[in-house]
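Me: Please take a close look at a single part of this model, one strand and its surroundings, and follow it outwards as far as the contacts allow. I would like one connected account rather than a list.

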Amino acid sequence: MSAMTMASAVAVKAQRVGGVRRITAKLGGVQLNSKSVQMRRAGGRKSMGVLAAGLDFAELEQAASVDEADEWTPPVRATRKDGKSAKEARQSKRFRKAQAAVPGRMNPIEPSEAVKLMLANATAKFAETAECHIRLNIDPKYNDQQLRATVALPKGTGKTVRVAVLTSGDNIAAAKAAGADFAGADDLVEEIAGGMMDFDLLIASPDMMPKAAKLGRALGPKGLMPNPKAGTVTPDVATAVGEFKGGKVEFRADKQGIVHVPFGKTNFKDTDLMANLEAVVDAINSNRPPGAKGIYWKSMYIASSMGPSVQVDYSVMQK
């Protein structure tokens, strides 16, 4: 049966079953339910549209061969023998056990207790990264609602950051003395253009930005392009190197207005993670976009990189 044959509606019937209004339609002898049929009024007359997505046309052709007086019963879908959903089947036993110990969604708990619960469920065989995910009431498609800033974590990030510095003159020696892994001017630009990417962060002095702009195709997709908002374009490169080596991290809101920030490792003490988490909350509040109106915070979750998320009562941390 072709799609053109299905386009003509033979009969439409609405009935209330168990308090729910259901619409069924006969399309070329095929009966569809309300999930596949949309009724709308356009230009003073009713029209009907069929949602083709999700329809099994082989089954519809089989149904079309059934006499209209008879009721067609769709085939029973196969189910897993263990009773798990498709999502649960993709999860490990370790993760499902950890998730069972976490309160359900929409049950925020006090921040210090949430950190302890996150650490208790971080059962991977390595030191996982502690992450916080914060949904804000902003729409980043507008310039005055974009959020991009940095935060200095008082207890550090728990990982080694490789820093490269584009600068000139005496600043090269100062950057290396501050702990930079790579520092240089035109020679470093040529190395990066040649494919050298053995660094996690690139800092540049303002006088080197015209030369750094030539590296946009190589640095842009990796998120390594220096930016004043991220604190990676500064005349005092030695201080910037020390800050980023000591635990300064950049954060930004994604297209959905969610901020993702790592705030330590699971081998940290819970008090150290709380200190870092408070610094993240203060940084997000202090960098509130001017276009953010009304309620700023919507929800906050923390999780280890391999563990379930825990919802945090962020109102306790608001000063």
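Reply: Two strands count as paired here if DSSP finds at least two bridges between them. With that in mind, and remembering that the model is predicted, one can begin with β10, which runs parallel to strand β8 (residues 163-166) and is joined to β8 by four bridges. Within this pairing, A164 has L202 as its bridge partner in β10, and L166 is partnered in the same way by A204 of β10.

The pairing belongs to an open sheet of three strands, which follow one another in the order β9-β8-β10 and pair in parallel. At its edges lie β9 (182-184) and β10 (201-204), each of which pairs on one side only. On average, and with direction ignored, neighbouring strands of this sheet are turned by 15 degrees against each other. Helix α10 (residues 237-246) packs on the sheet, where it touches β8 and β10, and its direction makes about 160 degrees with that of β10.

Although β10 is an edge strand, both of its faces are covered, with L201 and I203 buried on one side and L202 and A204 buried on the other. This division fits a general pattern, because in a regular strand the side chains alternate between the two faces of the sheet.

β10 also takes part in a pocket, the second largest, together with β11 (248-252) and β12 (258-265), each of these strands supplying at least two residues of its lining. About 580 Å³ of space lies in this pocket, and of the 24 residues that line it, K159, D200, L201, V249 and E250 lie nearest its centre. L201 is thus one of the residues nearest the pocket centre as well as one of the buried residues of β10. The largest share of the lining, five residues, comes from β11, while by class the lining holds 10 nonpolar, six polar and eight charged residues.

On the approach to β10, the loop that comes from α7 (186-193) holds M197. Leaving aside neighbours within four places in sequence, M197 is in contact with I192, A218, L219, K222 and L224; for K222, which is 25 residues away along the chain, the C-alpha atoms are separated by 9.7 Å.

From the pocket one can also go on past β12, since T266 lies in the loop between β12 and α11 (270-286). Because buried means under 20% relative accessible area, T266 counts as buried at its 17% relative accessibility. Not counting residues up to four places away in sequence, T266 touches L119, A122, F126, A127, E128 and S304.

A further residue to consider is L136, found in strand β6 (residues 129-136), which counts as buried because its relative accessibility is 2%. With residues up to four places away in sequence again set aside, L136 touches L147, G257, V259, I284, Y296, W297 and K298. L136 and A253 are 117 residues apart in sequence, yet their C-alpha atoms are 8.4 Å apart in space.

Technical notes:
Residues numbered from 1 in each chain as written. Predicted model: local features only at pLDDT ≥ 70, side-chain atom pairs only at ≥ 80, totals over all residues. Heavy atoms only, no water. Axes fitted to C-alpha atoms, helices over the stretch in contact; angles between N-to-C directions. Contact = heavy atoms within 4.5 Å. Buried < 20%, exposed > 50% of the residue type's maximum accessible area, 1.4 Å probe, protein only. 1 Å grid on protein atoms, 1.4 Å probe; cavity = no way out; pocket = protein on both sides within 12 Å on 5 of 7 lines; lining within 4 Å. Points joined across faces, edges and corners; volume = space filled by probe spheres on them. Nonpolar A, V, L, I, M, F, W, Y, C, P; charged D, E, K, R; others polar.
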